[in-house]
Amino acid sequence: MKVTVFNGSPRGGKSNSHLIIGPLLEGAKQAGAETEEVFLIEKDIKHCRGCFTCWGKTPGKCAIKDDMADLIDLLLESDYAGLATPVYGMYMTGLLKDFYDRLLPLATPHIHRNDDGSFYHKGRVKRFPRLFFIFNSGFPGEHNFDLVRAFLELVKRGGADNVVLEVYRNCGEALGIPDDDEPALGQKISQFRDALKRAGWEMVTKGRVCKETVEQLHMKLMSDEEYMAGANKYWDEATEEAE
Ligand SMILES: Cc1cc2nc3c(=O)[nH]c(=O)nc-3n(C[C@H](O)[C@H](O)[C@H](O)COP(=O)(O)O)c2cc1C
């Protein structure tokens with residue numbers, strides 16, 4: 001059993017996304033899975049050129065020579081594949097979007113119609129990993145996730161019936177605050193990390209994540225006012241120092 005997460009934050013190993021992925025993979029590992037986190041920022045991933053060579057001239061094979069062929073192999077040999085990104089410009093990072101676009105060789109060119117009138121492309125490969133998604137935002141509240149939620153709805157309408165977990169973590173910048181600095185927050189974050197471990201463990205052992213665990217993953221870490229006050233104070237001090 002292999003669980004791989006593709007981390008689309010430009011901050012790589014220093015990202016809040018990494019702070020979320022770490023415990024989840026730890027739980028999966030405890031359940032016996034082989035785990036891997038790939039920092040996309042460290043990879044050579046060029047933009048899709050839109051040439052459709054992967055659909056026409058060389059079906060299933062991209063014309064661009066970079067790290068994507070190996071990353072697709074890694075994706076396909078995984079049983080569970082996670083895509084993680086901070087919310088950037090109300091959506092995902094360019095890094096993850098490039099990665100996602102470059103999965104085009106895994107789709108076939110013909111257009112099919114769903115019962116609900118929407119359209120989709122069938123997959124090319126027989127065995128595709130189950131998917132999970134991890135989003136984290138710098139804002140408190142929920143509206144930051146509207147576009148990525150809509151993206152996932154369309155992915156699912158397009159036939160993806162293999163999405164096992166969606167994590168929408170707001171107040172993302174609070175995750176890096178050391179537990180001892182703010183004990184009440186530290187306790188919440190520690191509960192959040194426990195829920196992540198449980199999610200990873202459940203994914204591997206049950207093939208799904210329980211409703212209660214999903215609810216805990218979306219627990220409120222602090223009030224919107226507290227988060228705003230902390231963030232604004234941080235930027236007041238940082239900009240004062242810069243002056
Ligand atoms: C270019 C840029 C755009 C951003 N856009 C948003 C946004 O639209 N909504 C939001 O809630 N946070 C936004 N953020 C904040 C990040 O989502 C937040 O800092 C996140 O916790 C970073 O996660 P990471 O450490 O995994 O990269 C943006 C940050 C950057 C650098």
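## A look around a predicted fold and its ligand site

Thr 4 is buried, with a relative accessible area of 0%. That's a value from a predicted model, as is everything else here. Thr 4 sits in strand β1, and its side chain makes a polar contact of 2.6 Å with the side chain of Ser 78. Leaving aside residues up to four places away in sequence, Thr 4 touches Glu 36, Val 38, Leu 74, Ser 78, Tyr 80, Ala 81, Gly 82 and Phe 132. So Ser 78 turns up both as a polar partner and in the list of contacts, and Thr 4 counts as buried because its 0% falls under the 20% cut-off.

### Helix α5

Strand β1 comes up again when you look at helix α5: residues 2–7, which make up β1, are part of what covers the buried residues of α5. The cover also includes α1 (16–30), β3 (80–86), β6 (130–136), β7 (163–169) and α6 (211–217).

How many residues does α5 have, and how far does it reach? Helix α5 runs over residues 183–206, which makes 24 residues, and goes 33 Å from its first C-alpha to its last. At 1.5 Å a residue you'd expect 34 Å, so the model's span is close to that.

Which residues of α5 are buried? Here they are: Leu 185, Gly 186, Ile 189, Phe 192, Ala 195, Leu 196, Ala 199, Gly 200, Glu 202, Met 203 and Val 204. Note that Glu 202 is on that list. After the helix comes Gly 207, with a positive phi near 80°.

### The ligand and its shell

Now for the ligand. There are 17 residues around it, and Ser 9, Ser 17, Met 90, Asn 136 and Glu 173 come nearest. By class, the shell has 5 nonpolar, 10 polar and 2 charged residues.

If you're after polar pairs to check, here are three that involve an oxygen atom of the ligand.

| Residue | Atom on the protein side | Distance to a ligand oxygen |
|---|---|---|
| Ser 17 | N or O atom in the side chain | 2.6 Å |
| Val 87 | polar backbone atom | 2.7 Å |
| Asn 136 | polar side-chain atom | 2.6 Å |

Taken alone, the ligand exposes 650 Å², and the protein buries 75% of that.

Asn 16 ties in here through its neighbours. Asn 16 is found in helix α1, and at 8% relative accessibility it counts as buried. Its contacts, not counting residues up to four places away in sequence, are Arg 11, Asn 136, Gly 172, Glu 173, Leu 175 and Gly 176. Asn 136 and Glu 173 are also among the residues that come nearest to the ligand. The side chain of Asn 16 reaches the backbone oxygen of Gly 172 at 3.4 Å.

### Two positive phi values

Most residues other than glycine have a negative phi. Cys 171 doesn't follow that habit: its phi is positive, near 55°. Cys 171 is in the loop between β7 and α5. Is Cys 171 buried or exposed? At 2% relative accessibility, Cys 171 counts as buried.

Phe 52 also has a positive phi, near 60°. Phe 52 lies in the loop between β2 and α2 and is partly exposed, with a relative accessible area of 44%.

### Arg 102 and the β2–α2 loop

Gly 50 is in that loop too, between β2 (34–39) and α2 (68–76), and Gly 50 is partly exposed at a relative accessible area of 44%. Where does the chain come back towards Gly 50? The C-alpha of Arg 102, 52 residues away along the chain, is separated from that of Gly 50 by 9.6 Å.

Arg 102 has its place in the loop between α3 (94–101) and β4 (107–113). What might catch your eye is that this charged residue is buried, with a relative accessible area of 3%. Its side chain joins that of Asp 66 in a polar contact of 2.8 Å. C-alpha to C-alpha, Arg 102 and Cys 48 are 5.7 Å apart, although 54 residues separate them in sequence. Beyond residues up to four places away in sequence, Arg 102 touches Ile 45, Lys 46, His 47, Cys 48, Cys 62, Ile 64, Asp 66, Met 68 and Ile 72. Asp 66 and Cys 48 both appear in that list.

How values were computed:
Residues numbered from 1 in each chain as written. Predicted model: local features only at pLDDT ≥ 70, side-chain atom pairs only at ≥ 80, totals over all residues. Heavy atoms only, no water. Helix = DSSP H or I, 4+ residues; strand = E, 2+ residues; numbered from the N terminus. Buried < 20%, exposed > 50% of the residue type's maximum accessible area, 1.4 Å probe, protein only. Contact = heavy atoms within 4.5 Å. Near = heavy atom within 4 Å. Polar contact = N/O pair within 3.5 Å; in protein donor to acceptor, adjacent residues only side chain to side chain. Areas by Shrake-Rupley, 256 points an atom, 1.4 Å probe, with all protein chains shown as cover.
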